[in-house]
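Dear colleague,

I am passing on a structure that you have not worked with before, and I would be glad if you could look through it with the notes below beside you. The sequence and the model come first, and what was found in them follows.

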Amino acid sequence: MTEIDIVAKRINEKLNLNIFENTRRREYVDGRALFCYVLRNKYGFTLHHIAEVFNTKGKKFDHSSVVHNLKGFEQTRKYNPTVNSMVTDLLQQTDTRMYLRHLASEVASTKSDKKIAESNTFLEKILNG
């Protein structure tokens with residue numbers, strides 16, 4: 001099982017669905033958007049490569065589908081707390097730099113005291129070993 005398969009499995013388990021299923025229901029769309037976001041931003045996949053991943057898993061996808069998912073992902077994060085927490089969990093578990101970028105984006109977009117405190121706690125944990 002590849003690391004990409006593990007990410008897809010975590011998303012599927014957390015959302016209790018199969019993101020590769022051929023449906024337009026909101027929770028599936030949100031899960032696919034999350035998967036596209038992680039593949040693009042953590043792994044640096046091209047739009048075409050992300051589409052290929054979906055196609056090999058049985059979900060018809062092309063680069064324009066990936067673009068659509070990535071463009072709508074910020075709205076998904078804003079209105080779906082489950083997806084937003086999953087981004088945090090996936091990035092925190094796998095890539096410190098991406099997680100820090102994610103936190104910076106969250107702080108900048110929401111200006112939330114909670115996010116600022118969360119960022120400070122994470123940075124202190126890194127600095128104190």
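**Overall fold**

Read from one end of the sequence to the other, the chain follows the pattern α-α-α-α-α-α-α, and its secondary structure comes to 7 helices and 0 strands. Please keep in mind throughout that this is a predicted model. Of the 129 residues in the chain, 40% are buried. Among the contacts in the chain with a separation of 6 or more, 50% are accounted for by residues 24 or more positions apart.

**The nonpolar core**

The largest nonpolar core has 28 residues, and those with the most contacts inside it are Ile11, Leu34, Phe35, Leu39, Ile50, Phe54 and Phe73. Two or more residues are given to this core by each of α1 (3–15), α2 (26–41), α3 (47–56), α4 (63–79) and α5 (81–94), and the largest share, 8 residues, comes from α2. Leu39 may serve as an example of how the core is joined up: leaving out residues up to four places away in sequence, Leu39 touches Ile4, Gly44, Phe45, Ile50 and Val53.

**A closer look at α3**

Within α3, the residues Ile50, Ala51, Val53 and Phe54 are buried. Why do these four lie on the same side of α3? They cover an arc of only 150 degrees around the axis, and this is what puts them on the same side of the helix. As a general point, an α-helix has 3.6 residues a turn, so residues three or four places apart point the same way. The other side of α3 carries His48 and Thr56, both of which are exposed. As for what the buried residues of α3 meet, they pack against α1, α2 and α4. Just after α3 comes Gly58, which takes a positive phi of about 95 degrees.

**Loops between the helices**

The loop between α3 and α4 is where Lys59 is found, and you may wish to pause on this residue. Is Lys59 buried or exposed? With a relative accessible area of 9%, Lys59 is buried, because the cut-off for that term is under 20%. Not counting residues up to four places away in sequence, Lys59 touches Phe20, Glu21, Asn22, Arg32 and Phe54. The C-alpha atoms of Lys59 and Ile19 are separated by 8.5 Å, although these residues are 40 residues apart along the chain.

The loop between α1 and α2 holds Asn16 and also Arg24. Asn16 has a phi near 55 degrees, which is a positive value in a residue other than glycine, and at 71% relative accessibility Asn16 counts as exposed. Arg24 is likewise exposed, with a relative accessible area of 81%. Even so, once its neighbours within four places in sequence are left aside, Arg24 is in contact with Val29 and Arg32.

**The largest pocket**

Finally, there is a pocket to look at, the largest in the model, in which about 360 Å³ of space lies. Which residues lie nearest the centre of this pocket? Of the 18 residues that line the pocket, those nearest its centre are Arg26, Val29, Arg32, His68 and Asn69. The elements that give two or more residues to the lining are α2 and α4, with the largest share, 7 residues, coming from α4. Sorted by class, the lining has 4 nonpolar, 8 polar and 6 charged residues.

One residue links several of these notes and may be a useful place to begin: Arg32 is among the residues nearest the centre of the largest pocket, is touched by the buried Lys59, and is also in contact with the exposed Arg24.

With kind regards

Key:
Residues are numbered from 1 along each chain as its sequence is written. This is a predicted model: local features need pLDDT of at least 70, side-chain atom pairs count only at pLDDT 80 or more; totals for chains, interfaces and linings use all residues. Side-chain values use heavy atoms; hydrogens and water are left out. A nonpolar core is a set of buried Ala, Val, Leu, Ile, Met, Phe, Trp, Tyr and Cys residues joined through side-chain atoms within 4.5 Å. Buried means under 20% relative accessible area, exposed over 50%, partly exposed in between (1.4 Å probe, protein chains only). Contact means heavy atoms within 4.5 Å. The arc is that of the directions from the helix axis to the C-beta atoms. On a 1 Å grid over the protein atoms alone, a cavity is a set of points where a 1.4 Å probe fits but cannot get out, and a pocket is an open set with protein on both sides within 12 Å along at least five of seven lines; lining residues have an atom within 4 Å of a point. Grid points are joined across faces, edges and corners, and a volume is the space filled by probe spheres set on the points. Ala, Val, Leu, Ile, Met, Phe, Trp, Tyr, Cys and Pro count as nonpolar, Asp, Glu, Lys and Arg as charged, and the others, Gly among them, as polar.
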